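Please examine the sequence and the three-dimensional structure shown here before reading on.

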Amino acid sequence: MQHFRHLDADTRERVFFIQPEDIETSDGNSLVATALGATLYIPATRPDLTATVNKRTEEGVRSIVIDLEDAVADHDLEEALANTVRTLNELSGSRSLVFVRARTAAHIRSICASLDHGAAGLAGFVVPKFTAARGAEFLDEIVAASHAHGTRLFAMPVLESPEVVHRETRDSELVAIRELLGRYREIVLAVRIGATDMCGTFGIRRDRDLTIYDVRVVADVISAIVNHLGRYDGSGFVITGPVWEYFADHERMFRPLLRQTPFADQEAVRFRQQLVSSDLDALLREVALDRANGIQGKTVIHPSHVPAVHALSAVTHEEYHDALDILSSDQGGVQASGYRNKMNELGPHRNWAKQTVLRSKAFGVTNEGITFVDLLTALAQR
């Protein structure tokens, strides 16, 4: 998969200092997981499922989840399973990674047994409500399916269960999950956060004017997940951001979260108003907070969210050169940024620099003076 390849060549040349690379699933789990970007969930009950997957891929989506769990009513499950198998059999050589969110381990077995052409259209499975007690049966089925099809199918566990949410069991559960995932490290692509189920535990539904980090009881859980599973010492995993679930206009209670200046500088004031009216300003804010908290990519449920996530995923010219400066020496110390606006500490900032270079491979490096507004505008005009 390669990000932004749906933009025309002139636009890519104008925007990017370094073009995004073409990422293969064999390029290492950390790079592939970073390259997931905005992972779009699509209900398995859609009658035009194959066409929808292909259309979204052409629009720039690079990771898609066919959802058999919360998005499907119980009485529609059998048809949804058949529709999923039919779609996977019709997909091959896709430029996006297609996963299935399965309700049970048995569903993984039955889906893989029904594939006509191997697993050519399937990248792996998302495991909902993942716990240390029941996670191994899902992971074992994914390993068995990988062996049966002669390929490596990825697993993406979703942490959202009460065992992770409740304070009295949280740390012991996360330690157990960390140990379990460590035994299956080769197939674990990323750890996903299920904030909607977490909110549901407390009868909360966050308002569209707020980010998930404003919901303190959930923000505490996210912090613990990153602490246990996001360590940059070889024991951690890429952790992806929780879903943004709003996409329609509404009456605003609070002030917009996007400053006017970047848009005025780029003569995109009207475009800013469109983002604000569609609640995308809050999404952009949440993506920035995801990154600040050690989280890469995001779950999305509407295609309009994808350009916003991807525009903020591209590495800026300044970030990239800061990262190169930090990685240029292993002696430690402090030096001024080449942009003369900050100090780079060569020791503490080293892991950040490594992650930034990794992200640059997946999403490219923008030209000097190019902002997320330029890239987001180009994506919106496409």
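The following questions and answers concern a predicted model.

Q: How many helices and strands does the secondary structure of the chain come to?
A: The secondary structure of this predicted chain holds both kinds of element. The total comes to 17 helices and twelve strands.

Q: Why is the chain described as being as compact as a globular protein of its length?
A: For 382 residues, the globule rule gives 21 Å. The chain is as compact as a globular protein of that length because its radius of gyration is close to that value, namely 21 Å.

Q: What percentage of the contacts in the chain with a separation of 6 or more comes from residues 24 or more positions apart?
A: The contacts considered here have a separation of 6 or more. Among these contacts, residues 24 or more positions apart account for 76%.

Q: How far apart are the mean positions of the positive and negative charges of the chain?
A: The chain carries 41 positive and 52 negative charges. The distance between the mean positions of these two groups is 2 Å.

Q: Which residues of strand 3 are buried on each of its faces?
A: Strand 3 covers residues 63–67, and five of its five residues are buried. Both of its faces are therefore covered, with Ile64 and Ile66 on one side and, on the other, Ser63, Val65 and Asp67.

Q: Which residue stands opposite Thr39?
A: Strand 2 spans residues 38–43 and pairs with strand 3 in the parallel sense, over five bridges. Opposite Thr39, in strand 3, stands Ser63.

Q: Is Thr366 buried or exposed?
A: Thr366 lies in strand 12, which consists of residues 365–366. Setting aside residues up to four places away in sequence, Thr366 touches several residues, including Val15, Phe16, Phe17 and His317. A residue counts as buried when its relative accessible area is under 20%. The relative accessible area of Thr366 is 3%, so Thr366 is buried.

Q: What is the relative accessible area of Arg12?
A: Arg12 belongs to helix 1, residues 9–15. Apart from neighbours within four places in sequence, Arg12 is in contact with residues among them Gln2, His3, Phe4 and Gln19. Arg12 is buried, and its relative accessible area is 12%.

Q: What distance separates the C-alpha atoms of Arg12 and Ala378?
A: Along the chain, Arg12 and Ala378 are 366 residues apart. In the predicted model, their C-alpha atoms are separated by 9.3 Å.

Note on methods:
Residues are numbered from 1 along each chain as its sequence is written. This is a predicted model: local features need pLDDT of at least 70, side-chain atom pairs count only at pLDDT 80 or more; totals for chains, interfaces and linings use all residues. Side-chain values use heavy atoms; hydrogens and water are left out. Helices (H or I, at least four residues) and strands (E, at least two) are DSSP runs, numbered from the N terminus. The radius of gyration is taken over C-alpha atoms; the globule rule is 2.2 Å times the number of residues to the power 0.38. Contact means heavy atoms within 4.5 Å. Lys and Arg count as positive and Asp and Glu as negative; His and the chain ends are not counted. The place of a charge is taken as NZ of Lys, CZ of Arg, CG of Asp or CD of Glu. Buried means under 20% relative accessible area, exposed over 50%, partly exposed in between (1.4 Å probe, protein chains only). Two strands pair if DSSP finds at least two bridges between them.
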